Amino acid sequence: MELKITCIPGDGIGPEIVAEAKKVLDAVAAKYGHVIHYTDILMGGASIDAHGVPLTQEAVEAAKAADAVLMGSIGGDASTSPWYRLPPNLRPEAGLLAIRKELNLFANLRPAVLYDELVEACPLKAEIAAAGFDMMIMRELTGGLYFGERRTTEENGVRTAVDTLVYNEDEIRRIAVKGFEIARKRRGKVISVDKANVLDSSRLWRQVVEEVAKDYPEVTLQHMLVDNCAMQLVKDPAQFDVILTENMFGDILSDEASMVTGSIGMLASASLNDTKFGLYEPSHGSAPDIAGRDLANPIATVLSAAMMLRYSFDLDAEADAVEQAVKQVLKEGYRTSDIMSDGCRQVGCRQMGDLLAERI
Ligand code: IPM
Ligand code: MG
């Protein structure tokens, strides 16, 4: 099969981790007889430096021309980088929001899994960690507070800022459908997270999710308020299978869930539209403090590439091979510094990529 992949190496550790993910993808292509055509585009700070804007229309077109996009990370240190002296709509993150909207990537899938080999890294009590967990956070990605109208005004010397949380029922329905479809292939349980005791947008969310649930009698649906969900994630993470939620709640809860795994360097993500097209990126940021030092953990990006094989190309055996390779290197005791523990062997970003590629 021919795979057209556009890469966004981005900023900070982005270029290093994308290079290792390509190494692993190349090993997959060699073993299973695929041909991969890569194109690189700039986004975030790298694009600001080259073009003065965080995302150009040409870059968007190049992304659209591919079957899938593999991204590293974007952004820098907000207190020191000149990128953050630009107006908000020209900063690195604006490029990411723009590409999500341009490509209609409304469904963000963020798996949070506690690996057996990394249980020691889990910051929860031993008895909670022992139960393990494997959840999929389904975050709506192109609506809500992120894309509603916003403005800051000043009247009689008093400044007022407004952000607007808007959802229409079609936006809720399409992410809910994805959530139930995914739950059906997992353990068949959706927990829909909202703030229906306060927000109108959440009350509509709840109604529409219930309508969609009728088409999936084999999936159980439970509603949970977002503040309670934040507590339940540290109290009993094993109860979660699919968490279905709106953009801002999903942003916050997915960071919490990743922290609970103790190894944010391991967590992949996929952002999908209603075709097979998707943008795949690690859940972590650009870690400018360790950039260029061969210290980054490439596993989250490698696992994002596995999600790409599975969701955009329907190459399940290949995706399994990548996930198995990750489990294998962990079992053999290799660790990057972020997940290092006693008795393991510390390796750099490049060596981790080599080890993974060899095990495909
Ligand atoms: C994420 C990030 C982005 C978001 C930022 C960089 C705009 O935190 O992907 O979770 O808030 O969506
Ligand atoms: Mg976030």
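How far apart do the C-alpha centres of domain 1 and domain 2 lie? They lie 25 Å apart. This is a predicted model, in which local features need pLDDT of at least 70 and side-chain atom pairs count only at pLDDT 80 or more, while totals for chains, interfaces and linings use all residues. Residues are numbered from 1 along each chain as its sequence is written, chains are lettered from A and ligands numbered from 1 in the order in which they are written, and side-chain values use heavy atoms, with hydrogens and water left out.

Let's get the parts straight. Domain 1 is made of 1-105 plus 272-360, and domain 2 is 123-261; these bounds come from an automatic or database domain assignment. Where the two touch (heavy atoms within 4.5 Å), domain 1 brings 10 residues and domain 2 brings 9.

Now look at the area. About 860 Å² is buried between the domains, with 60% of it from carbon and sulfur atoms; that is the accessible area (1.4 Å probe) the two parts lose on being put together, summed over both. On the domain 1 side, Leu97, Arg100 and Lys101 account for 49% of what domain 1 buries against domain 2, more than any other three residues.

As for polar links, the rule finds 0 salt bridges across the interface, a salt bridge being a side-chain nitrogen of Lys or Arg within 4 Å of a carboxyl oxygen of Asp or Glu.

Which helices should you look at? On the side of domain 1 that touches domain 2, α4 (92-102) and α10 (299-311) each supply at least two residues, and α4 gives the largest share, 3 residues. Helices here are DSSP runs (H or I, at least four residues), numbered from the N terminus.
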